[in-house]
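Biologist: I should like to learn how one reads a protein model that holds a ligand. Where might we begin?

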Amino acid sequence: MEITNVTEYQAIAKEKLPKMVYDYYASGAEDQWTLAENRNAFSRILFRPRILIDVSKIDMSTSVLGFKISMPIMIAPTAMQKMAHPEGEYATARAASAAGTIMTLSSWATSSVEEVASTGPGIRFFQLYVYKDRNVVAQLVRRAERAGFKAIALTVDTPRLGRREADIKNRFTLPPFLTLKNFEGLDLGKMDKADDSGLASYVAGQIDRSLSWKDVKWLQTITSLPILVKGVLTAEDTRLALESGAAGIIVSNHGARQLDYVPSTIMALEEVVKAAQGRVPVFLDGGVRRGTDVFKALALGASGIFIGRPVVFSLAAEGEAGVRKVLQMLHDEFELTMALSGCRTIKEITRNHIVTEWDAPHALPAARL
Ligand code: FNR
């Protein structure tokens, strides 16, 4: 059957993938309340479309940290993509570059920064987890720079791994034929089988729980790349990120995989945007599955969004062609949303094009939970 929207890839991935892999990709933390909320919250924001505007030409292009891209839809870092498809991160990199947008490569990729760079030209960011051994971090950042990555997305919401119960039940671990490629030479590429989630044990052993704002400054002493702080949900932390020299902020709850019962990212976005005062761009990830979601995020002040699970699910279903199709469908839906709300450029999307439950509670139907 023909695939007509991004969400449909999830069921196909579920059929194709081993249970341990599918569960790792799909699940959230604990009760998975935030996981559902990341989607549901979008349905509580409605449009205020403008009519009779000439929308015969729509320009969706934008620029992120000075890099021109075709649309404000980018790829979030998701770990271990070769579990989804043998071409893993290569396929994702090629699909992103064909779509003219940015891919963020995970620290825990099953392809190295050099390998991904060798797939051809493309604007790419590198997502960083800070290991206890800072030499490991410094080496990795240097390799990412040399491989032509343009920014560091520093993930700050993972001093410990969230409690993902499916991974505990499945004793999740990286299949033995794969490695965390960036760490292979450093003897940190393998994940032991544990009496728990193997990834949770790996994080407990290797990741630096003492990470703090001073380390954001430290990072700037070892790299000239701009740093995006990924995992901000409050105004307080937005101000601290600005003081610490962040070049941008990613409003993220890690796809609801870390602390459960944090708000959806679309609900947290406006608070962060206001605190950022236009000094740095603010991005969002979490639950974006429709072009209408992209529009809502931009109307609330985001400069762009990132998608996570749609990439791994489409990769599992159809490899590179699947990821290309996901990007194309979101592109087309977003373009249609712009046309139907009377916006011809990204700049024309304003706060007045939407209404949220915190603007006018009576104007919206009850939340569908
Ligand atoms: C992630 N995410 C993530 N984030 C990060 O900083 N480093 C990583 O290695 C990973 N790995 C990862 C694996 C998988 C399977 C998922 C689903 C997520 C979080 C990711 O970057 C992003 O924040 C969310 O995925 C966005 O939410 P959606 O689009 O999946 O709803």
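Modeller: We begin with a term: helices and strands are DSSP runs, helices of at least four residues and strands of at least two. The model before us is predicted. Over residues 1-359 the chain is 40% helix and 13% strand, and the C-alpha atoms at the two ends are 41 Å apart. UniProt, in an unreviewed entry, lists these residues, 1-359, as "domain: FMN hydroxy acid dehydrogenase".

Biologist: How many residues surround the ligand, and which are the closest?

Modeller: A residue counts as near a molecule if one of its heavy atoms lies within 4 Å of it. Here 22 residues surround the ligand, and the closest are Pro77, Ser106, Thr155, Gly287 and Arg289. This shell divides into seven nonpolar, 10 polar and five charged residues.

Biologist: Which atom of the ligand does a polar side-chain atom of Lys230 approach?

Modeller: A polar contact is a pair of N or O atoms within 3.5 Å. The polar side-chain atom of Lys230 lies 3.0 Å from a nitrogen atom of the ligand. For Ala79, a backbone N or O atom is 3.1 Å from a ligand nitrogen atom. In the side chain of Ser252, an N or O atom lies 3.3 Å from an oxygen atom of the ligand. The protein covers 99% of the 600 Å² of accessible area that the ligand has on its own.

Biologist: In which cavity does the ligand sit?

Modeller: The ligand sits in the largest cavity.

Biologist: Which residues does the UniProt annotation "binding site" cover?

Modeller: That annotation, from an unreviewed entry, covers Tyr24, Tyr129, Arg164, His254 and Arg257. From this set, the lining of the largest cavity takes in Tyr24, Tyr129, Arg164, His254 and Arg257. As for its place in the chain, His254 is in the loop between β9 (248-251) and α11 (265-276).

Terms used:
Residues are numbered from 1 along each chain as its sequence is written. This is a predicted model: local features need pLDDT of at least 70, side-chain atom pairs count only at pLDDT 80 or more; totals for chains, interfaces and linings use all residues. Side-chain values use heavy atoms; hydrogens and water are left out. A polar contact is a pair of N or O atoms within 3.5 Å; within protein, one must be able to donate a hydrogen and the other to accept it, and residues adjacent in sequence count only if both atoms are side-chain atoms. Accessible areas come from the Shrake-Rupley method with a 1.4 Å probe; for residues, only the protein chains shown count as cover. On a 1 Å grid over the protein atoms alone, a cavity is a set of points where a 1.4 Å probe fits but cannot get out, and a pocket is an open set with protein on both sides within 12 Å along at least five of seven lines; lining residues have an atom within 4 Å of a point. A molecule sits in a cavity or pocket if more than half of its atoms lie within 2 Å of its grid points. Ala, Val, Leu, Ile, Met, Phe, Trp, Tyr, Cys and Pro count as nonpolar, Asp, Glu, Lys and Arg as charged, and the others, Gly among them, as polar. UniProt positions are given in the numbering used here, feature names are shortened, and annotations may be inferred rather than shown by experiment.
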